[in-house]
Amino acid sequence: MLNGLLEKCQVHVWMELTNLNDWNEAGDEHHAIVEAIAAGDTKTACRETRRHIQQSRDEILSLMHRQRDLRVLYKSRHDENQP
């Protein structure tokens, strides 16, 4: 299921991660998840995984909304310039 979702959103994921801080933050989040798994701390691993996925989802949706808004703005300006 996750692979299918990632395939559909991959472009947006990479666009969001182009910010260096996002790369560092994602790495830190992954590290915390792996550490919790290695320590056998299921509760923390699940909590951090859910938080990471929700945050990533929110950031991707925000990017998609910004792209949509830009398309709408471009179309409205393009339509205004038509005779």
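This is a short walk through the helices, salt bridges and buried residues of one small set of coordinates, which come from a predicted model.

Okay, let's start with the overall layout. The protein has 3 helices and 0 strands, so written from the N terminus the order of elements is simply α-α-α. There are 83 residues here, and buried ones make up 20% of them. As for the surface, about 6800 Å² is exposed, with carbon and sulfur atoms supplying 60% of that area.

Now, helix 3, where I'll spend a good part of my time. Helix 3 has 39 residues, running from 42 to 80. From its first C-alpha to its last it reaches 57 Å, which is close to the 57 Å expected at 1.5 Å a residue. Which residues of helix 3 are buried? Going along the helix, you have Thr-44, Ala-45, Glu-48, His-52, Ile-60, Leu-63 and Gln-67. Keep Glu-48 in mind, please, as that residue comes back several times.

On to the charges. As a general reminder, side chains of opposite charge can pair when their charged atoms come close. A search of the whole structure turns up 5 salt bridges. I'll go through some of them.

Let's take Glu-48, which is found in helix 3. How buried is Glu-48, given that the cut-off for buried is under 20% relative accessible area? At 13% relative accessibility, Glu-48 counts as buried. Even so, the side chain of Glu-48 meets that of Arg-51 in a salt bridge, at 2.7 Å from N to O. Why can those two reach each other? Well, Arg-51 and Glu-48 sit 3 residues apart in helix 3, so they are separated by about one helical turn. And in general, an α-helix has 3.6 residues a turn, so residues three or four places apart point the same way. Arg-51 itself counts as partly exposed, at 37% relative accessibility.

Glu-48 has another partner, the residue just before it in numbering. Arg-47 forms a salt bridge with Glu-48, and there the closest N and O atoms are 3.4 Å apart. The pair also shows up as a polar contact of 3.4 Å between the side chains. Arg-47 is partly exposed, with a relative accessible area of 43%. If you zoom out a little, these pairs belong to a network of salt bridges that links Glu-29, Arg-47, Glu-48 and Arg-51.

Further along the chain, there's Arg-68 with Asp-69. These two form a salt bridge with the closest N and O atoms 3.1 Å apart. Arg-68 is partly exposed at a relative accessible area of 39%, and Asp-69 is partly exposed too, at 42%.

One more side-chain pair before I move on. Ser-62 lies in helix 3 and is partly exposed, with a relative accessible area of 31%. What joins the side chains of Ser-62 and Arg-66? A polar contact of 2.8 Å.

Last stop: Ile-33, for a look at helix 2. Helix 2 covers residues 20–38, and Ile-33 has its place there. Is Ile-33 buried or exposed? Ile-33 is buried, with a relative accessible area of 11%. What does Ile-33 contact, once you leave aside its neighbours within four places in sequence? The answer is Ala-45, Glu-48, Thr-49 and His-52. Three of those names should sound familiar: Ala-45, Glu-48 and His-52 are among the buried residues of helix 3. There's also a distance to go with this: Ile-33 and Thr-44 are 11 residues apart in sequence and 7.6 Å apart in space, C-alpha to C-alpha.

So if you open the model afterwards, I'd begin at Glu-48: buried, in contact with Ile-33, and part of the network with Glu-29, Arg-47 and Arg-51. That's it from me.

Technical notes:
Residues numbered from 1 in each chain as written. Predicted model: local features only at pLDDT ≥ 70, side-chain atom pairs only at ≥ 80, totals over all residues. Heavy atoms only, no water. Salt bridge = Lys/Arg side-chain N within 4 Å of Asp/Glu carboxyl O. Buried < 20%, exposed > 50% of the residue type's maximum accessible area, 1.4 Å probe, protein only. Helix = DSSP H or I, 4+ residues; strand = E, 2+ residues; numbered from the N terminus. Expected span 1.5 Å × (residues − 1). Areas by Shrake-Rupley, 256 points an atom, 1.4 Å probe, with all protein chains shown as cover. Polar contact = N/O pair within 3.5 Å; in protein donor to acceptor, adjacent residues only side chain to side chain. Contact = heavy atoms within 4.5 Å.
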